[in-house]
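I opened the model to look up a helix, a pocket and a loop residue. My notes follow.

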Amino acid sequence: MADIKPIDQGRKSFRQRAWNDAFHQLSDADREARLNPKDLELLAVAAYLIGYISESNALWTRAHNEYLNNSNIERAVHCAFQMGFGLFHMGEIARATGWFARARTLLDEGLSNCVEEGYLLLPVALQSLSEDDAKKSLATFEQAGQIGDRFGDRDLMALTRLGRGQALVRLGETRAGTVLLDEAMAAVDSGEISPIFEGIIYCAAIETCHGIFDLGRAHQWTEAMSDWCDAHPQLVPFRGECLTRRSQIMQMHGQWSKAIEEAFRGTEFLAKSISEPATGEAFNQLGELFRLRGEFAQAEEAYRKAVRWGRIRNPGLALLRFAQGRINTAKKSIETAMMEATSLKARPRVLTAYIKIMLAANDLEAARQAADELTDIANRLNATLINAWAAKGVGAVLLYEGDTANGLIQMRRAWTIFEKLDAPYENALVRVLIGKAYHQLGDRTRR
């Protein structure tokens, strides 16, 4: 029986989603005889999925040039888009813009009425979303989606549903937006989406759910992404984000030791990527866990690494100073975080820490204003976790003011919600405040 050629082995491994095997086998085949551009595309995808980002970029460039030499403009445009889209998601915006412009020029010069027209609308829509013009972004995603529907391109259809969902959430139409996110995720679940886009959709949908504090969806899709990563053991990109999200879920449920293990693994995977924005989030998660465990030196180091990786200043460092008893330093730090936390995603967490620190600093008026703002956000989003934070914040202010009876009502409300969320640490903090309230009332029998 004749030996199987490396090219055939590589194609088979790619179909089986054995990315590392596919990369090495196709690379061997390329050394024997230069691959055709179609196989170069497979090699570029495999390289990306095992974390060889520079090699992947070089392969997309080769495939692009080969297609140009063969006058296959449509596939040349496709490779230019893939190159640009990968760079865009790695945070290399200038290089990505150059490749998108190159693809646009090729389309304008030689093609019309092709599916790539829809793909090239995606960076336009994403740029509008990043500039907080969600209405324009939605319209552009809808236009791209119509092209995807017309050509029956499943990747483009799923990506545009994801984008429309994100835009609708930004516009405050949360219910309609999450329905579209669910549709995009269902397409991933069905196995009909290309592997790189699968990872992008998972990460973006979960990030959006976290942004609106839809913990139920975020937890369900994180578990689904975890299963997806486990089914592709040779995968490097996206695994780090998945591990970070798993760590956050474990933290909420009080599994701190396991959460630290997952967060550490997340930083290790993310370190294999280049200019990976999620690395800052992973180090920040480590900082949160070390702070909660009282391991302050490790927390300090992790928070500073998070900032170096581009993570905007967050309440964690201020809470670390609070835990160290440095109230004035904590106050200055959380005031800076309040100025920087302008997004709806960041604001509630900062407000929660701000209330706690301002009460410790005897600034009741600032704490009361923050509690009122947090309540307004909770009423707008009607997210379970923020409702609990708001009740706890208002209750803490009322107890500080001496309105023990009404403070107890709010604390009991927060306690009930944290119980339902299975958040034992948050629940314990509220129980301490409830105990203090009963002590103020002279009731030593209640707890």
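Which helices do the buried residues of H17 pack against? I found helix H16 (278–292) and helix H18 (315–323). Contact means heavy atoms within 4.5 Å. Helices are DSSP runs (H or I, at least four residues), numbered from the N terminus.

The model is predicted, so local features need pLDDT of at least 70 and side-chain atom pairs count only at pLDDT 80 or more, while totals for chains, interfaces and linings use all residues. Residues are numbered from 1 along each chain as its sequence is written, and side-chain values use heavy atoms, with hydrogens and water left out.

**Helix H17.** I listed its buried residues (under 20% relative accessible area, 1.4 Å probe, protein chains only). They are Ala-299, Glu-300, Ala-302, Tyr-303 and Ala-306. I then checked the span of residues 296–308: the end C-alpha atoms are 18 Å apart, in agreement with the 18 Å expected for 13 residues. The expected span is 1.5 Å times one less than the number of residues. Gly-310 follows H17, with a positive phi near 95 degrees.

**His-232.** I placed this residue in the loop between helix H13 (215–230) and helix H14 (239–252). Is His-232 buried or exposed? His-232 is buried, at a relative accessible area of 8%. Leaving out residues up to four places away in sequence, His-232 touches Arg-17, Trp-19 and Arg-239.

**Lining of the second largest pocket.** A pocket is an open set of points on a 1 Å grid over the protein atoms alone, where a 1.4 Å probe fits, with protein on both sides within 12 Å along at least five of seven lines; lining residues have an atom within 4 Å of a point. H3 gives the largest share of this lining, four residues.

How values were computed:
Helix = DSSP H or I, 4+ residues; strand = E, 2+ residues; numbered from the N terminus. Buried < 20%, exposed > 50% of the residue type's maximum accessible area, 1.4 Å probe, protein only.
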